[in-house]
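Please open the structure in your viewer and display it as a cartoon. This tour proposes a series of selections and describes what is found at each stop.

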Amino acid sequence: MSNKQTTKSPKAWKVIMARELKAYFTSPIAYIVCALFLIFAGSFFFSTFFLIKRAELRDFFGLLPLTFSFFIPALTMRIFSEEKRSGSMETLVTLPVTSMDIVLGKYLASFISSVVLLVPTLFYAVTCAIFGNPDFGPIIGGYLGAILLAASFSAIGVFASSVTKNQILSFFIGLAICICLCLMGMFIRLIPSGLVGIFTFFSATSHFDSISRGIVDTRDLVYFLTLTALFFGLTVRTVENAKRG
């Protein structure tokens, strides 16, 4: 009796993720967005480093939520919209894959692409270590917060792309949601004291600032994980509706 070895096929979400990552990094969009992000992020860091002569990442992390609000929706705007526009979305939803597989594959590709934006900025941390004596607690916290922020904003961007076939409209929907979550924290001093608690609770900036100071509070972790899960779930529901329609 001969034993036959069977090769286990990769899960559908892995195939979708690999396809989307290949599409990202073989198109000029990812490189343009990455280059522009590094120009903006670099201006925050090097203005502090050369003009104020401080080897720190405070300004870089301080403006990162607002910066991500623009650049992550730009990365994710095509993830569903392009397939809707070209008509391939109809084919995708009729394949023997679940809505969860479709969304998970596309979301992970978007999240990985967003985290890749941060990799070159590690040069800033190395520069601080060489030319200064920084406290590495806030730096580690800042990058942890940045990853959590990227996870949440990627989920928002993927959701925005799932509701329209127009990439520009997708970008502005994602931008609007991310900007609102950021500005809630920036304008806390301008709102009535009775509403401060509510605005702080919903503010992505407030939760990110807490982590970037090197204080890892479970409430901040739960906030970002809940925000990610919420928009991930909304995207699954949108794809389910597309399957039924």
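Among contacts in the protein between residues at least 6 apart in sequence, 77% join residues that are at least 24 apart. Please keep in mind throughout that the model is a predicted one. Colour the chain by secondary structure: 13 helices and zero strands appear. Followed from the N terminus, every element in the run is therefore labelled α, as in α-α-α-α-α-α-α-α-α-α-α-α-α. Of the 245 residues in the protein, 46% are buried.

**Stop 1: helices α4 and α7**

Select residues 64–76, which form helix α4, and residues 99–118, which form helix α7. At what angle do the axes of α4 and α7 cross? The crossing is at roughly 135°, and the axes come within 10 Å. Because the angle falls outside the ranges for parallel, perpendicular and antiparallel, α4 is oblique to α7. The crossing in which α4 passes α7 is right-handed.

Now show the side chains where these helices meet. On the α4 side, select L64, F68, I72, L75 and T76; on the α7 side, select S110, S113, S114, L117 and L118. The residues of this contact of α4 with α7 comprise six nonpolar, four polar and no charged.

**Stop 2: T76 and L117**

Two residues of this contact merit a selection of their own. T76 belongs to helix α4. Is T76 buried or exposed? Its relative accessible area is 0%, so T76 is buried. Beyond its neighbours within four places in sequence, T76 is in contact with Y24, S110, S154, G157, V158 and S161.

Next, select L117 in helix α7. L117 has a relative accessible area of 2% and is therefore buried. Not counting residues up to four places away in sequence, L117 touches V33, C34, F37, L38 and L75. Add A35 to the selection: L117 and A35 are 82 residues apart in sequence, and their C-alpha atoms are 8.9 Å apart in space.

**Stop 3: helices α7 and α9**

Keep α7 on display and add helix α9, residues 136–162. These two helices pack at an angle of about 140°, with their axes 9 Å apart. Angles over 145 degrees would count as roughly antiparallel, so α7 and α9 are oblique to each other. α7 passes α9 in a right-handed crossing.

To see the contact, select K106, Y107, S110, F111, S114 and L118 of α7, together with Y143, A146, I147, A150, A151, S154, A155 and V158 of α9. By class, the residues of the contact of α7 with α9 are ten nonpolar, three polar and one charged.

**Stop 4: helices α7 and α13**

Replace α9 with helix α13, residues 218–244. The axes of α7 and α13 come within 9 Å and cross at roughly 130°. That angle makes α7 oblique to α13, and the crossing is right-handed.

Which residues meet in this contact? From α7 they are S99, M100, I102, V103, L104 and Y107, and from α13 they are T228, F232, T235, V236, V239, E240 and K243. Their classes are eight nonpolar, three polar and two charged.

**Stop 5: aromatic rings**

Hide the previous selections and display the aromatic side chains. The structure holds 15 aromatic pairs. Select F40 and F71: their ring centres are 5.7 Å apart and their planes stand at 65°, so this pair is edge-to-face. F40 lies in helix α2, residues 28–51, and F71 in helix α4, so the pair ties together parts that are 31 residues apart in sequence. F40 counts as partly exposed because its relative accessibility is 45%. F71, at 12% relative accessibility, counts as buried.

Then select F60, F61, F123, Y124 and Y143, which ring pairs link into a cluster. Y143 was also selected at an earlier stop, in the contact of α7 with α9.

**Stop 6: G174**

Finally, select G174 in helix α10, residues 167–186. With 0% relative accessibility, G174 counts as buried. Leaving aside its neighbours within four places in sequence, G174 is in contact with P73, I156 and A160. How far apart are the C-alpha atoms of G174 and F70? They are separated by 8.5 Å, although the two residues are 104 residues apart along the chain.

Methods
Residues are numbered from 1 along each chain as its sequence is written. This is a predicted model: local features need pLDDT of at least 70, side-chain atom pairs count only at pLDDT 80 or more; totals for chains, interfaces and linings use all residues. Side-chain values use heavy atoms; hydrogens and water are left out. Axes are lines fitted to C-alpha atoms, for helices over the stretch in contact, and angles run from 0 to 180 degrees between N-to-C directions. Helices (H or I, at least four residues) and strands (E, at least two) are DSSP runs, numbered from the N terminus. Angles under 35 degrees count as roughly parallel, over 145 as roughly antiparallel, 65 to 115 as roughly perpendicular and the rest as oblique. A crossing is left-handed if the near helix is turned anticlockwise from the far one by less than a right angle, and right-handed if clockwise. Contact means heavy atoms within 4.5 Å. Ala, Val, Leu, Ile, Met, Phe, Trp, Tyr, Cys and Pro count as nonpolar, Asp, Glu, Lys and Arg as charged, and the others, Gly among them, as polar. Rings of Phe, Tyr and Trp (its six-membered ring) pair if their centres lie within 6.5 Å; planes under 30 degrees apart count as stacked, over 60 as edge-to-face and the rest as tilted. Buried means under 20% relative accessible area, exposed over 50%, partly exposed in between (1.4 Å probe, protein chains only).
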